[in-house]
Every structure is written in structure tokens, then in C-alpha cells.
Amino acid sequence: MTVFIFAGTTEGKNLAAACRNQNVELYVSVATEYGRSRIEEADNIHILCGRKDTEGIKKLLEDIGPSAVIDATHPYAAEVTRNIRAACGNTNTPLFSVAGFPSSGTSATLPIVPNPAISPLKAARNGFRLR
């Protein structure tokens, strides 16, 4: 299974860490080199760096073909969230949104598009609340 995370928060970093050495091929997109430095690569974790518009995201999704996308970008990153939603809609890729992480005193909002077969979300066992 392949999952694509758009990271930019501690939540994205924690999701990537939860998937380390699991049975999932994980692609993590970050906007900056600083974001790249916050996520540890592994055999199953691939980090992509740089800002992308809707067409750039759509191309990545078409090339990689993930089973699902997780939007773990910053709550104020409204433009990238719009771009992610549009690209997922254009490629019929299930999209999940992380609104927060229990360690920070917030909760996660999952899913936008329900798909109970998405096993990387086993991170839910680590404290995510599904809504």
C-alpha cells in the first residue's frame, strides 16, 4: 500500500514516524528544507521537498498512485489544502485531513473521504479520534 502525506506540522511528522518500517510505502511532501530536516527517512519513507500547485500535486498523485492522501499541513495553509483537495478530486484519491494530534491537546479529523481499508491509519491506535 502506498500513502502520500502532505506534511507541515508536528502531526505530519508524527504520522510519518508511526509508519516507519510498517507495511506501507510512504511519500511525504514538505514545502521547505526545514520541513525535510524534521522528518526522518527510512526504507519505506520518501521525502519530497518543494511547493506544488494543483497541477503539480495531481501529477505526483498520477505518478505515484497512492491508496490515500493525508493532509497534515498547517491549519493556516488554506491554499495548499485547496490544491490537495482539488488534485485528489481530479484523481479520485481518498483524502484524509489531520486537524491536530492528541499530544498537542487537539484531535484529528478523519476522514474527508471515508475508506476503512486504509491501514496506515493504524496510527489511530496511537490516540487519533475518528470523526
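Let's start with the largest pocket: 25 residues line it, and A7, G8, V30, A31 and T73 are the ones nearest its centre. Please keep in mind that this is a predicted model.

The space in this largest pocket comes to about 570 Å³. Several elements help to build the lining: α1 (10-19), β2 (25-30), α2 (33-37) and α4 each give at least two residues. Helix α4 provides the largest share of that lining, with 3 residues.

Helix α4 (residues 78-91) also has a packing partner, helix α3 (residues 54-64); their axes lie 8 Å apart and make an angle of about 45°. An angle that is neither under 35 nor over 145 degrees, and outside 65 to 115, counts as oblique, and α3 and α4 are therefore oblique to each other. The crossing of α3 past α4 is right-handed.

Which residues in α3 and α4 meet? From α3 come T54, I57, K58, L61 and E62, and from α4 come N83, I84, A86, A87, C88, N90 and T91. Sorted by character, this contact of α3 with α4 holds 6 nonpolar, 4 polar and 2 charged residues.

Here is the make-up of the two residue sets, side by side:

| Residue set | Nonpolar | Polar | Charged |
|---|---|---|---|
| Lining of the largest pocket | 9 residues | 10 residues | 6 residues |
| Contact of α3 with α4 | 6 residues | 4 residues | 2 residues |

If you are looking at the structure now, α4 is a handy element to follow: α4 supplies residues to the lining of the largest pocket, and α4 packs with α3.

Key:
Residues numbered from 1 in each chain as written. Predicted model: local features only at pLDDT ≥ 70, side-chain atom pairs only at ≥ 80, totals over all residues. Heavy atoms only, no water. Axes fitted to C-alpha atoms, helices over the stretch in contact; angles between N-to-C directions. Helix = DSSP H or I, 4+ residues; strand = E, 2+ residues; numbered from the N terminus. Left-handed = near helix turned anticlockwise from the far one by under 90°. Contact = heavy atoms within 4.5 Å. Nonpolar A, V, L, I, M, F, W, Y, C, P; charged D, E, K, R; others polar. 1 Å grid on protein atoms, 1.4 Å probe; cavity = no way out; pocket = protein on both sides within 12 Å on 5 of 7 lines; lining within 4 Å. Points joined across faces, edges and corners; volume = space filled by probe spheres on them.
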